[in-house]
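Student: Please choose a single part of this model and go through it closely with me, beginning with the way its residues meet one another. I am new to the structure, so I would be glad of a connected account.

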Amino acid sequence: QKGPIQKASPAMASLLSLPSDALLAILCRVPAKDQNHLRLTCQAIRAILDSATFRLEGSLSGWLETQVTLLSKEELYREYNPIEFEEDGYDEEILRDDFG
């Protein structure tokens, strides 16, 4: 079970007290790499970042970014094939069969 719900910090309360268009404009300027961390701060911010309005405003304003994570063959294999790996790591033969 998660810990008790805490009150929002004064900074967060101030941010959420802004008019919705101002808050949206600010959040659109947050780099994509920081949006996942920002998404964890509160439900209201997460709802804004996940909204269609946020994506539309970001694309129209030119501030919209996407984040790309590069994975190795091994990381990709582990992501989509969660199996128990041997102590020495992954099974090389399985990777060669699946990824050439």
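Tutor: Let us begin with a word that the account will need: two residues are said to be in contact when they have heavy atoms within 4.5 Å of each other. Please also keep in mind throughout that this is a predicted model.

With that meaning of contact, we can start from D50, which is found in the loop between α4 and α5. If we leave out residues up to four places away in sequence, D50 touches R39 and R55. The contact with R39 can be described further, for R39 forms a salt bridge with D50, and the closest N and O atoms of the two are 2.9 Å apart. R39 lies in helix α3, whereas D50 is in the loop between α4 and α5, so this pair ties together parts that are 11 residues apart in sequence. Their C-alpha atoms are separated by 8.7 Å. As a general matter, side chains of opposite charge can pair when their charged atoms come close. Is D50 itself buried, exposed or partly exposed? Its relative accessible area is 40%, and D50 therefore counts as partly exposed, since that class covers what falls between under 20% for buried and over 50% for exposed.

The structure holds 2 salt bridges, and the other pair to look at joins the side chains of D34 and K33, with a distance of 3.8 Å from N to O. D34 is partly exposed, at a relative accessible area of 30%, while K33 counts as exposed, with a relative accessibility of 57%.

From R39 we can follow helix α3, for this helix spans residues 32-39 and also holds Q35. Here the surroundings change, because Q35 is buried, with a relative accessible area of 12%. Which residues are in contact with Q35, leaving aside its neighbours within four places in sequence? They are L27, V30, L49 and F54. These four names will return in a moment, since L27, V30, L49 and F54 are listed among the residues of the largest nonpolar core.

V30 is a good guide into that core. Its place is in the loop between α2 and α3, and V30 is buried, with a relative accessible area of 18%. Setting aside residues up to four places away in sequence, V30 touches Q35 and L38, and L38, like V30, is a member of the core. V30 can also be placed against a residue further along the chain: V30 and W63 are 33 residues apart in sequence, but their C-alpha atoms are 8.4 Å apart in space.

The core as a whole has 10 residues, namely L23, L24, L27, C28, V30, L38, C42, I45, L49 and F54. At least two of these residues are supplied by each of α2 (20-28) and α4 (43-49), and the largest share, 4 residues, comes from α2. It is a general tendency in soluble globular proteins that nonpolar side chains are buried together.

How do the buried residues of α2 sit around their helix? L23, L24, L27 and C28 are the buried residues of α2. They cover an arc of only 135° around the axis, which means that they are on the same side of α2.

For contrast, we may turn from the core to the surface, where L71, L76 and Y80 make a nonpolar patch of about 320 Å². Y80 belongs to helix α6, which covers residues 73-80, and Y80 counts as exposed, with 63% relative accessibility.

Finally, the part we have followed can be set within the whole. The protein has 7 helices and 0 strands, and buried residues make up 18% of its 100 residues. Of the contacts between residues at least 6 apart in sequence, 45% join residues at least 24 apart. The protein exposes about 8,100 Å², and carbon and sulfur atoms supply 54% of that area.

Definitions and conventions. Residues are numbered from 1 along each chain as its sequence is written. This is a predicted model: local features need pLDDT of at least 70, side-chain atom pairs count only at pLDDT 80 or more; totals for chains, interfaces and linings use all residues. Side-chain values use heavy atoms; hydrogens and water are left out. Patches are made of residues with over 30% relative accessible area and no salt bridge: like charges are joined within 9 Å, nonpolar side chains (Val, Leu, Ile, Met, Phe, Trp, Tyr) within 5 Å. Accessible areas come from the Shrake-Rupley method with a 1.4 Å probe; for residues, only the protein chains shown count as cover. A salt bridge is a side-chain nitrogen of Lys or Arg within 4 Å of a carboxyl oxygen of Asp or Glu. Helices (H or I, at least four residues) and strands (E, at least two) are DSSP runs, numbered from the N terminus. Buried means under 20% relative accessible area, exposed over 50%, partly exposed in between (1.4 Å probe, protein chains only). A nonpolar core is a set of buried Ala, Val, Leu, Ile, Met, Phe, Trp, Tyr and Cys residues joined through side-chain atoms within 4.5 Å. The arc is that of the directions from the helix axis to the C-beta atoms.
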